[in-house]
Amino acid sequence: MNDLFKRTLQTVLARAADTRLAGPRTIGFNGRRLGRRAGNALEFSEYREYRPGDDLRRLDWNVFGRRELLMIKEFSEEVDPRCDLLLDHSRSMAVTPEKSAAAFGLASLLARAALNAGFSLAMLHAADVWRKEPHPESPPDWLATAFDATANPGDGLARYGGTLQRRGLRILISDLLWPEDPQIFLGGFSAGAKQTVLIQILADDELEPVPGDYVMLEDAETGEVRELPIDDAMRHRFRERAARHQEAWRRAAAAHGALLLCFQAGELIPDWDLARLFQAGVLQ
C-alpha cells in the first residue's frame with residue numbers, strides 16, 4: 001500500500017468514526033428496523049384510500065365509522081440491515097493514483113459507516129474473480145488493494161458463483177467505464193436488493209479530452225496503446241460518446257430504482273467533502 005493510500009485511509013477512517021450508513025429504512029416504535037415499502041402486518045406505517053382489489057381485511061372500520069372514508073392500513077416491512085459493498089478492481093480504476101485512492105478510501109469509509117450503523121456487511125473485491133473480504137471490519141487488513149483486473153464488474157457478475165444478501169443495500173464503487181449495456185448489469189446486480197447505490201469515480205479528464213495536439217491512449221484492460229491526433233472534431237466526438245455513456249447509466253439507474261452519484265477523484269481526495277453522500281441519504 002503506497003503513501004497516498006495510507007494517508008487516504010487514515011483520513012477517511014477518522015471521518016468514519018462518527019458516520020453511519022443510512023439504509024432505505026425507518027425505525028419502528030420498539031426499535032426494530034423497518035423497510036420503506038409496504039409489506040406484511042409487522043408495523044403500522046400509514047393510511048391510504050381504498051382501491052378496488054385491496055384486501056378488505058386491511059380496511060380500518062373505525063375510520064369509516066368516524067369519517068365515512070374507506071381507508072387501508074399500510075404496514076412497513078421489517079428487515080435486517082444488510083449491505084453488500086462491491087469495489088471495482090479493474091485496471092481502469094488505476095489510471096491515476098488519485099482515482100484508485102479515492103475508490104479505496106470511499107470503500108473503507110462506507111464499510112466502517114455500515115458497521116457503525118449495525119449492518120451485516122459483505123465486502124466484495126471485484127477483480128477477475130470476485131473475492132469476499134474476510135475482514136470487512138478492518139480496511140487496513142484488506143489484502144486485495146491492487147487495481148489490476150482485466151475483467152470489469154459486468155463480466156465478473158456473470159461469472160460470480162456466490163450470492164448477494166437479499167433485501168438489503170447494495171453499493172458499487174466503480175468508474176462504470178465498460179462497453180456493455182448497463183441495463184444488463186443492473187438487472188442482475190440489483191435483483192433482490194432493497195436499494196442499489198452506484199458511486200462512480202472518475203479521473204479528472206475521463207469525460208473531457210486532454211489538452212494538446214496528440215493524445216496517447218492505452219486500453220487499461222488490454223494494454224493496447226494508440227497515439228491519436230486531437231482536433232476539434234475529435235474533441236466533439238469524445239464529448240458526445242462520453243455523454244451517451246453517462247446517459248445510458250442514468251437511464252439504467254432510473255429503470256432499476258438505483259441511486260447514481262458521480263465523483264471526480266481529484267476533487268474528492270484533497271478534503272474528503274462528503275456532503276453529497278449525506279444529501280443523497282447514503283450517510284447520516
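**Overall architecture and selected local features of the predicted model**

The protein chain exposes about 14800 Å², and carbon and sulfur atoms supply 49% of this area. The structure described here is a predicted model, and its secondary structure comes to eight helices and 11 strands. Of the 284 residues in the protein chain, 45% are buried. Among the contacts with a separation of 6 or more, 72% are accounted for by residues that lie 24 or more positions apart.

The N-terminal part of the chain may be considered through helix H1, which comprises residues 3-16. The 14 residues of H1 should span 20 Å at 1.5 Å a residue, and the end C-alpha atoms of the helix are indeed 20 Å apart, which agrees with that expectation. The buried residues of H1 are Leu4, Phe5, Thr8, Leu9, Val12, Leu13 and Ala16. When H1 is seen down its axis, these buried residues fall within an arc of 145°, so they line one face of the helix. Such an arrangement can be read against the geometry of helices in general: an α-helix has 3.6 residues a turn, so residues three or four places apart point the same way. On the other side of H1, by contrast, Asp3, Arg7, Gln10 and Ala14 are exposed. Helix H3 is included in what covers the buried residues of H1.

Strand E5, formed by residues 120-126, is largely enclosed by the rest of the structure, because six of its seven residues are buried. Strand E5 pairs with strand E4 (residues 82-88) in the parallel sense, over seven bridges, and within this pairing Asp88 has Ala126 of E5 as its bridge partner. Between these two strands the chain passes from E4 through helix H3 (residues 97-116) to E5, and the resulting β-α-β crossover is right-handed. Helix H3 is thus both the connecting helix of this crossover and part of the cover over the buried residues of H1. Strand E5 also pairs with strand E6 (residues 130-132), to which E5 is joined by three bridges, the two strands running antiparallel. In this second pairing, the bridge partner of Leu124 is Lys132 in E6. Strands E5 and E6 form a hairpin, with three residues between them. Strand E5 accordingly takes part in a parallel pairing with E4 and in an antiparallel pairing with E6.

Two loop residues were examined for their backbone conformation. Leu176, which is found in the loop between strand E7 (169-174) and helix H5 (182-189), has a positive phi of about 60° although it is not a glycine. With a relative accessibility of 0%, Leu176 counts as buried, since the cut-off for burial is a relative accessible area under 20%. Trp272 is found in the loop between helix H7 (265-268) and helix H8 (275-279), and it has a positive phi of about 50° although it is not a glycine. Trp272 likewise counts as buried, at a relative accessibility of 2%.

A further position, Gln195, lies in strand E8, which covers residues 195-202. With a relative accessible area of 23%, Gln195 is partly exposed, because this class lies between the limit of under 20% for buried residues and that of over 50% for exposed ones. Gln195 and Gly168 are 27 residues apart along the chain, yet their C-alpha atoms are separated by 6.7 Å.

How values were computed:
Residues are numbered from 1 along each chain as its sequence is written. This is a predicted model: local features need pLDDT of at least 70, side-chain atom pairs count only at pLDDT 80 or more; totals for chains, interfaces and linings use all residues. Side-chain values use heavy atoms; hydrogens and water are left out. Helices (H or I, at least four residues) and strands (E, at least two) are DSSP runs, numbered from the N terminus. Buried means under 20% relative accessible area, exposed over 50%, partly exposed in between (1.4 Å probe, protein chains only). Contact means heavy atoms within 4.5 Å. Accessible areas come from the Shrake-Rupley method with a 1.4 Å probe; for residues, only the protein chains shown count as cover. Two strands pair if DSSP finds at least two bridges between them. A crossover is right-handed if, with the strands pointing away from the viewer, the path from the first strand over the helix to the second runs clockwise. The expected span of a helix is 1.5 Å times one less than its number of residues. The arc is that of the directions from the helix axis to the C-beta atoms.
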